[in-house]
Amino acid sequence: TIQHNLSPGSIINAGDLLATMELKDPSKVAKIEPYAGDFSVESGAANLDPMHLLELALSGYPANEIGPLVSRALLDVDADTATERILSLLKNYLATEEQFKGKAVDQAVLELISANKESIDNVVKAVQSHVALKTKNEIMLALLRNVASFTDRFPNYKVSPELETTLEALAALPGSQYGEVSLTASALLNDFKVPDYKARMAELTELILSDDAETVSKSRKLSVSVDLIPELFKSDDEKVRNAAREVYVRRVYRAHQIEEVSQSEAKDGTATISWKFMLRDLPANEAAVRFGTLVVADKYADVEGKLPDMIKSFKETVGDTSSATEQLNTFHV
């Protein structure tokens with residue numbers, strides 16, 4: 001006999017008793033009783049291999065000190081082995097999370113049950129792993145930090161197509177629960193896609209010689225390599241170093257109207273570039289003419305003794321252009 005404890009239309013809260021049932025023969029009900037026998041588990045040697053412990057953590061088992069554990073797994077190995085181990089762990093993570101991404105947990109579990117009717121153990125393992133997502137994300141971030149160091153750790157390191165594809169899969173994971181992992185993987189991909197130093201220098205040299213300095217200084221292409229321009233100040237090619245200095249000045253002062261630029265080189269290699277400029281947002285008849293000088297040397301000792309004479313010469317060049325309200329002229333070393 002079933003007796004309802006709540007009337008139809010009642011609001012149900014968690015834990016509410018909905019109904020009770022009286023059985024004809026309660027004695028036939030199987031009862032759960034405490035186990036009274038012996039319970040022994042054979043113990044063997046613990047497997048403390050860091051890769052094994054990381055795999056257990058990705059399966060949902062507790063783990064401590066993720067960073068040191070990852071470092072141990074990648075200690076004293078070559079580039080290929082390090083990449084292989086990291087790929088194994090990244091793929092392990094993706095294999096589970098691809099089944100949960102973009103879905104409510106209940107929906108993902110129902111789909112897993114439907115796909116694994118003959119092996120519910122696969123469902124249990126997947127859910128157990130996903131529940132430990134916070135720890136798993138920590139492992140992913142530690143692995144990605146190590147991948148970021150590979151170009152310094154392993155000379156001439158190249159990202160394999162397989163690793164690049166795996167990073168792309170991580171970067172594509174949606175939702176806030178994967179946010180930090182996704183962003184880190186995306187940033188790492190962008191870093192790896194930046195050309196190496198020699199390639200960037202060759203591209204920059206070609207760019208600064210492709211047109212006049214004013215045009216090049218405004219080029220969008222220069223944005224990704226502007227930090228390398230000073231590397232060309234001491235180029236063996238006079239045309240390259242002169243172009244690099246003028247492009248640099250015009251780039252730094254692109255918010256101003258530069259009137260003229262001149263350069264000179266001393267026998268010891270110290271270079272001086274001077275220019276006149278005005279504020280661009282003021283009418284020409286109102287803008288003060290300002291002076292700038294840039295002294296280029298390999299080290300400060302090359303100009304230390306000459307600096308007082310350089311400043312004196314600069315003052316003579318600019319003349320009386322002092323202002324009570326602002327500094328008009330600039331001197332760079």
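**View A. Helix 8 and helix 9 are oblique to each other in this predicted model.** The axes of helix 8 (residues 161–171) and helix 9 come within 7 Å and cross at roughly 140°, an angle that is classed as oblique because it falls in none of the other ranges, namely under 35 degrees for roughly parallel, over 145 for roughly antiparallel and 65 to 115 for roughly perpendicular. Axes are lines fitted to C-alpha atoms, for helices over the stretch in contact, with angles from 0 to 180 degrees between N-to-C directions. Helices (H or I, at least four residues) and strands (E, at least two) are DSSP runs numbered from the N terminus. The model is predicted, with local features requiring pLDDT of at least 70 and side-chain atom pairs pLDDT 80 or more, whereas totals for chains, interfaces and linings use all residues. Residues are numbered from 1 along each chain as its sequence is written, and side-chain values use heavy atoms, without hydrogens and water.

**View B. Helix 4 and helix 5 pack in a roughly antiparallel arrangement.** Helix 4 spans residues 105–115 and helix 5 spans residues 120–131. Their axes lie 9 Å apart, and the angle between the two helices is about 155°.

**View C. Strands 3, 4, 5 and 6 form an open sheet of mixed pairing, in the order 3-4-5-6.** The edges of this sheet are strand 3 and strand 6 (330–332), each of which has a single partner strand, so one side of each is left without a neighbour in the sheet. From one strand to the next, the twist averages 15°. Strands are taken as paired if DSSP finds at least two bridges between them. The antiparallel strands 4 and 5 share seven bridges, and in this part of the sheet Ala271 stands opposite Val296 of strand 5. Strand 5 and strand 6, in contrast, pair in the parallel sense over three bridges, with Thr330 in strand 6 as the bridge partner of Gly292.

**View D. Strand 3 and strand 4 are antiparallel and are joined by nine bridges.** Gln257 has Met278 in strand 4 as its bridge partner, and Ser264 stands opposite Thr272 of the same strand 4. Five residues lie between the strands of this hairpin, in which Gly269 takes a positive phi near 95°.

**View E. The largest pocket holds about 360 Å³ of space.** A pocket is an open set of points on a 1 Å grid where a 1.4 Å probe fits, with protein on both sides within 12 Å along at least five of seven lines, and lining residues have an atom within 4 Å of a point. The volume is the space filled by probe spheres set on the points. Of the 12 residues that line this pocket, Thr151, Tyr157, Phe192, Val194 and Asp196 lie nearest its centre. Helix 9 (residues 179–193) supplies the largest share of the lining, three residues. By class, the lining comprises seven nonpolar, two polar and three charged residues.

**View F. The second largest pocket holds about 250 Å³ of space.** Its lining is made up of 16 residues, among which Thr272, Ser274, Thr293, Phe314 and Thr317 are the closest to the centre. Two or more lining residues come from each of strand 3 (256–265), strand 4 (271–279), strand 5 (290–296) and helix 14 (307–318). Thr272, one of the residues closest to the centre of this pocket, is also the residue that Ser264 faces in strand 4. The lining divides into seven nonpolar, seven polar and two charged residues, where Ala, Val, Leu, Ile, Met, Phe, Trp, Tyr, Cys and Pro count as nonpolar, Asp, Glu, Lys and Arg as charged, and the others, Gly among them, as polar.
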